[in-house]
Every structure is written in C-alpha cells, then in structure tokens.
Amino acid sequence: MFDMIKLNKKALLFFVLIIALIAVYIKTAMIALVDDSGSSLSSLIKMLIFLIAVFYGFSSHIRKTGMYKYWQFWSVWIFIDFYLFGNSGVGSSNFFHALFPACCYFIFYRFFANNYFSKIHICSFVLLWIETVYYNYQNTFFLNDLILGTDAVISNMVFWSVALIPFLLLIHNLPIKIFLLVISVAVTLVSGKRSASICSGVIILFTIWPLLKKKSSSIRIGILFLFGAFFLFLYRYFLFYFEFVNDRITNGSSDGNGRLPIYEKLMFKFESGDALSLFFGNGYNSIYSLVGTNAHNDALQMLFDYGLVGLFSYILFVFLLVKMVFTSRSKSLYFYPSLLAAFVIVVVLGMVSNLYVFNSYFAFICSLLGVYEGSLFFNEKCLYR
C-alpha cells in the first residue's frame, strides 16, 4: 500500500511548478490592483496555465463527472463568445483570463486522479493563502500608516484570501487549523468588506464548532478562551479601526452602497435589448461599458454578459456544487467541510458581490473542486488494485 501512495518525484516537481506559477500570478495580479506594472506577466502565466490544461488536463482515462462536463461546455462557450460572436477584440489575454478557473480545475483534477493527496499538497495551498494575506496587508494597510475610509483600505484584495479559506479546513492539525481560521476572520473584519466577513464568520461557525463538540469540556473552554483573548487583543489595538468598520456596516446606504440602482439599470438595459443579446448576452465584461463597474451579483452579471445561456450555466454550476457538497458526506467526510465552505463563499459573494465572474480568485474554488474529484477517482482506483 505504501508503494501505491508514495509520492512520485516527477509528479511532485510538476505540482510545485503549477503552484509556483499560481504564486507568481497571485503576486502580479494582486499588485496590479494598485499598480498595473505586472499585468503582462500575469497574462503570460494565464496563457501557460491554459496550455498546460490543454496538453495535460485532458485524458480519456479520467472519469467525466458532471462538473468536468460542465467546464468542458463552458470552455467551448467562452471560445464561441470570443471568436464567433465578435468579442475577440477585447484581447486574447482576456480569453485566457475567462478560462483560468476551468483550466485550474482540469489541471488539478487530472493531477490528483493520478497522485495521492498528501500533507505536502495541503501545505502548498496554505502557503498560497498566506501569500494573499501578506499582499493584502502590504498593499491595503500600508504597514506603517493605516489610512481609513479610502479605497486603499476597502479593497477587493481580501477576497483572494477568502477564496482560499476552504483549503485551511484540509489541515490535519486541529490547533493550527483553528488558529489560521481565526486569523482569516480577523483579516476579513479589518478589511471592512462585509461580504468577506460574513463568509469567514459563517465558515468558522459551521466548521469549527462541530470539531469542538468532539473534545472534552476543558479543551473547548480553553479554545474559546483563546478565541476571546485574541479578539480582545485585536479590539484593543485596532479600536479605531473597528469603530470605522462598525460605522461602515451600520450606516451604509439602504440599497447596499448603490447596488439597487445598478440592478435597475442592468435590468432595464437587458429588457430593452434585442433577441440576440437576450439569449447570448452582450459579451465578456460588457457590463463595464454600461455602469463602469461590476454588477455585484453573479447571476445578474452572467445574464447581462452571456444572456440566458450564461444565467442557466451559472445556475447549473451552483446546482452541481450543491450536489457535490451533499454527496461528499458519504464519499469523503474529510473534504466535506471544505466543500461546504466553498459553497458558502459562492452563495454569499455571488449574491452581494462577485465571485464567478471574477476569474482570478474564483480559480481557487475551482482548484479545490478539481482536487476533490481527482482524489475520489484516485482512491477508487486504489481500492480496485
């Protein structure tokens, strides 16, 4: 059995290469939010990921799951949208960006369908999370001079860290897992992003408490005491910041900082459009030409950009994810908390912000789905050997 699950050196080297590419992409893409100097390198990495997915990610020996077929369909549709519907003018780099989540899914599905999922792989994804936290802190909070109430502080950078939280739930060591999850809650609270705070808060409530119930009363009390001491420390040294976050939450506009006007404008534009745009949408990221920002709702933006095809595709993805979460309870309880966390993130960010249509950090969620389904396939092959 040991020989069967022993890590292959060539496979491990390949995995490290993929993680390194994603790590460089994270650095360039997150920095590009405040400084566009690394955008060309970011595009190059997405093209390399695309090529790896094409030449490595597909195999006739891999079981074609519902999620696998979904990403096959969506990849074909993106090609049609860009090159047959006249949207290729937006640039080939955007084509690779639109397919980035699908490519990550295919690569990790193929890899873990043939390789044992080990602690080394978990540590690699955790390191990616640490990287996102670092750049979020460095670029958003300016280390030595916190500037409150500015776009520099209220930044979408925190969503990069949120999208990697499910990987923290794969850590075997319970104290380390809880500690990093508490850090993730603190990071989202300090960011001032309400949707991110809701995600991390719900995840820690629904994943950590069941684990604590299995421990003795003294251990539970000790862990809760550490939680309280940690948040007391944060509150004491960041009191002014928590006051700012509280004011942002309690005194926000009733329509969610302008979301309702955006929704109304998009629906009016959609309803007044022609039949072609009704069914096939207005093209990749076309929403920016109308409102100058994203829709702050994944379903609505998929409807506007890709029409009814896009909306039904998004609904299908959510359905497949729900199905995956439920079946994981019988197929792999180890992955169940992570998949449940991914579902929480998809629903919360999809309703009040954006995730699916932001192909950058959404790729982390798709990577997890690829890891899970690939690991299931590998374990089934091991049982029959």
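Tutor: By definition, two axes whose angle is over 145 degrees count as roughly antiparallel, while angles outside the parallel, antiparallel and perpendicular ranges count as oblique. The model under discussion is predicted.

Student: Which orientation do helices α17 and α18 have relative to each other?

Tutor: Helix α17 covers residues 298–331 and helix α18 covers residues 336–352. Their axes come within 10 Å and cross at roughly 155 degrees. Because angles over 145 degrees fall in that class, α17 and α18 are roughly antiparallel.

Student: What is the handedness of the crossing in which α17 passes α18?

Tutor: The crossing concerns two helices whose axes come within 10 Å. As α17 passes α18, the crossing is left-handed.

Student: How is α4 oriented with respect to α6?

Tutor: Helix α4 (residues 66–83) packs against helix α6 (residues 100–112) with the axes 10 Å apart. The angle between them is about 140 degrees. Angles must be over 145 degrees to count as roughly antiparallel, and 65 to 115 degrees is the roughly perpendicular range. The orientation of α4 to α6 is therefore oblique, and their crossing is left-handed.

Student: Is F15 buried or exposed?

Tutor: F15 lies in helix α2, which spans residues 9–32. Its relative accessible area is 2%. Since the class boundary is under 20%, F15 is buried.

Student: What distance separates the C-alpha atoms of F15 and H121?

Tutor: Along the chain, F15 and H121 are 106 residues apart. In space, their C-alpha atoms are separated by 8.2 Å.

Student: Which helix gives the largest share of the nonpolar patch?

Tutor: The surface patch has an area of about 740 Å² and is made by V24, L41, L44, M47, L48, L51, V54, F55 and F58. Seven residues of the patch come from one helix, residues 39–57. That helix is α3.

Student: Which exposure class does L51 belong to?

Tutor: L51 is one of the residues that make the nonpolar patch, and its place is in helix α3. Its relative accessibility is 36%. Because buried means under 20% and exposed means over 50%, L51 counts as partly exposed.

Note on methods
Residues are numbered from 1 along each chain as its sequence is written. This is a predicted model: local features need pLDDT of at least 70, side-chain atom pairs count only at pLDDT 80 or more; totals for chains, interfaces and linings use all residues. Side-chain values use heavy atoms; hydrogens and water are left out. Patches are made of residues with over 30% relative accessible area and no salt bridge: like charges are joined within 9 Å, nonpolar side chains (Val, Leu, Ile, Met, Phe, Trp, Tyr) within 5 Å. Accessible areas come from the Shrake-Rupley method with a 1.4 Å probe; for residues, only the protein chains shown count as cover. A salt bridge is a side-chain nitrogen of Lys or Arg within 4 Å of a carboxyl oxygen of Asp or Glu. Helices (H or I, at least four residues) and strands (E, at least two) are DSSP runs, numbered from the N terminus. Buried means under 20% relative accessible area, exposed over 50%, partly exposed in between (1.4 Å probe, protein chains only). Axes are lines fitted to C-alpha atoms, for helices over the stretch in contact, and angles run from 0 to 180 degrees between N-to-C directions. Angles under 35 degrees count as roughly parallel, over 145 as roughly antiparallel, 65 to 115 as roughly perpendicular and the rest as oblique. A crossing is left-handed if the near helix is turned anticlockwise from the far one by less than a right angle, and right-handed if clockwise.
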